[in-house]
Amino acid sequence: MRTQASKTEKPPVITIDGPSGSGKGAITHKLAQKLGFHILDSGALYRLIGLAARKSQTSFDDEPGLARISREMVVKFVPSDDPEEPLHILLEGEEVTKSLRTDQAGQDASRVAPIAAVRAGIGELQRGFLTAPGLIADGRDMGTVVFPDADVKIYLTASAEIRANRRYKQLKDKDISVTLPGLFQSIKDRDERDMNREVAPLRPAIDAVVVDSSLMSLDEVFEAVIAIVREKV
Ligand code: C5P
């Protein structure tokens, strides 16, 4: 049994789940800046596992090999003042931030993510991000699996067309080569895999507030999210 006291002693957690391109990353960073909280970019962990698999030539069918990578990879998140790249990511000491942002890295992540032993392999690492003064956790299963007791749960979504357009602009701004039809297909493939897998499928937690950002600007989404956070914390 969990007492009220033990709950209030834990630093607060705000989970932001949703599909690719829904704006979770931008909202997470703005919220973390406003509240001074830490960030868990859980998608980056799955992208890192995919990247580490490619670097070590581990097949995407080799489940024990991928699970070993998830348990043993050495990763570091280094905050930076660069608004374009507020978090630099190191894998085994090597800067990999840019390689992680490609569409290929997202696809690879969604191929390793359905494997239960891979998800279990990074469970402790993810929960270790929860330190004072609090955490904003961005992903697919933050509110449903990793932090089921989170203080605030938000599920951010938008239509696939709008998400593809946003992603296209983001990647172009970063000089990453993509086409809009290719990206649209890639987003639909990833939605399909993430929503229909057996382990930790993408869906809103029962106690999540759903925000559809299709017709909203980033500032409007941020205002809506802040209002939800104020009401709950
Ligand atoms: O959010 P991001 O696009 O970086 O996530 C990449 C992929 O990692 C997702 O498409 C999903 O398959 C996987 N993922 C996941 N659970 C999370 C975060 C990401 O399965 N909590």
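## Exercises on two sheets and a ligand site

An open sheet in this predicted model has five strands in the order 2-6-1-7-8, paired in parallel. Strands (E, at least two residues) and helices (H or I, at least four) are DSSP runs numbered from the N terminus, and two strands pair if DSSP finds at least two bridges between them. Because the model is predicted, local features need pLDDT of at least 70 and side-chain atom pairs count only at pLDDT 80 or more, while totals for chains, interfaces and linings use all residues. Residues are numbered from 1 along each chain as its sequence is written, and side-chain values use heavy atoms, with hydrogens and water left out.

**Exercise 1.** Determine which strands form the edges of the parallel sheet, and describe how helix 3 packs on this sheet.

*Solution.* Step 1: strand 2 (38-41) and strand 8 (209-212) each pair on one side only, and are the edge strands. Step 2: on average, neighbouring strands are turned by 20 degrees against each other, direction ignored. Step 3: helix 3 touches strand 2 and strand 6, and its direction makes about 45 degrees with that of strand 2. Contact here means heavy atoms within 4.5 Å; axes are lines fitted to C-alpha atoms, for helices over the stretch in contact, and angles run from 0 to 180 degrees between N-to-C directions. Step 4: strand 2 pairs with strand 6 (residues 135-139) over four bridges in the parallel sense, and histidine 38 stands opposite leucine 135 of strand 6.

**Exercise 2.** Describe the sheet with the order 3-4-5 and the residues of its loops.

*Solution.* Step 1: this open sheet has three strands with antiparallel pairing, and its edges are strand 3 (75-79) and strand 5 (94-95). Step 2: two bridges link strand 4 (residues 87-91) and strand 5; leucine 90 has glutamate 95 in strand 5 as its bridge partner. Step 3: helix 3 lies across strands 3, 4 and 5, at about 35 degrees to strand 4. Step 4: valine 74, in the loop between helix 4 (63-72) and strand 3, contacts Leu90, Leu91 and Glu92, leaving aside its neighbours within four places in sequence.

**Exercise 3.** Locate the residue with a positive phi and the cis peptide bond.

*Solution.* Step 1: most residues other than glycine have a negative phi, and most peptide bonds are trans. Step 2: glutamate 92, in the loop between strand 4 and strand 5, has a positive phi of about 50 degrees. Step 3: the bond between alanine 132 and proline 133 is cis, with omega about 5 degrees; proline 133 belongs to the loop between helix 8 (123-127) and strand 6.

**Exercise 4.** Characterise the shell around the ligand by its contacts, cover, elements and residue classes.

*Solution.* Step 1: 16 residues surround the ligand, and Arg47, Arg119, Asp141, Asp194 and Arg197 come nearest; a residue is near if one of its heavy atoms lies within 4 Å. Step 2: side-chain N or O atoms of serine 42 and arginine 47 lie 2.9 Å from a ligand nitrogen and 2.6 Å from a ligand oxygen, respectively. A polar side-chain atom of arginine 119 is 2.8 Å from a ligand oxygen. Step 3: the protein covers 97% of the 460 Å² of accessible area (Shrake-Rupley, 1.4 Å probe) that the ligand has on its own. Step 4: helix 3 (42-55), helix 6 (103-112) and helix 11 (180-196) give two or more residues each, and helix 3 supplies the largest share, four residues. Step 5: the shell has four nonpolar, four polar and eight charged residues, where Asp, Glu, Lys and Arg count as charged, Ala, Val, Leu, Ile, Met, Phe, Trp, Tyr, Cys and Pro as nonpolar, and the others, Gly among them, as polar.

Notes
Polar contact = N/O pair within 3.5 Å; in protein donor to acceptor, adjacent residues only side chain to side chain.
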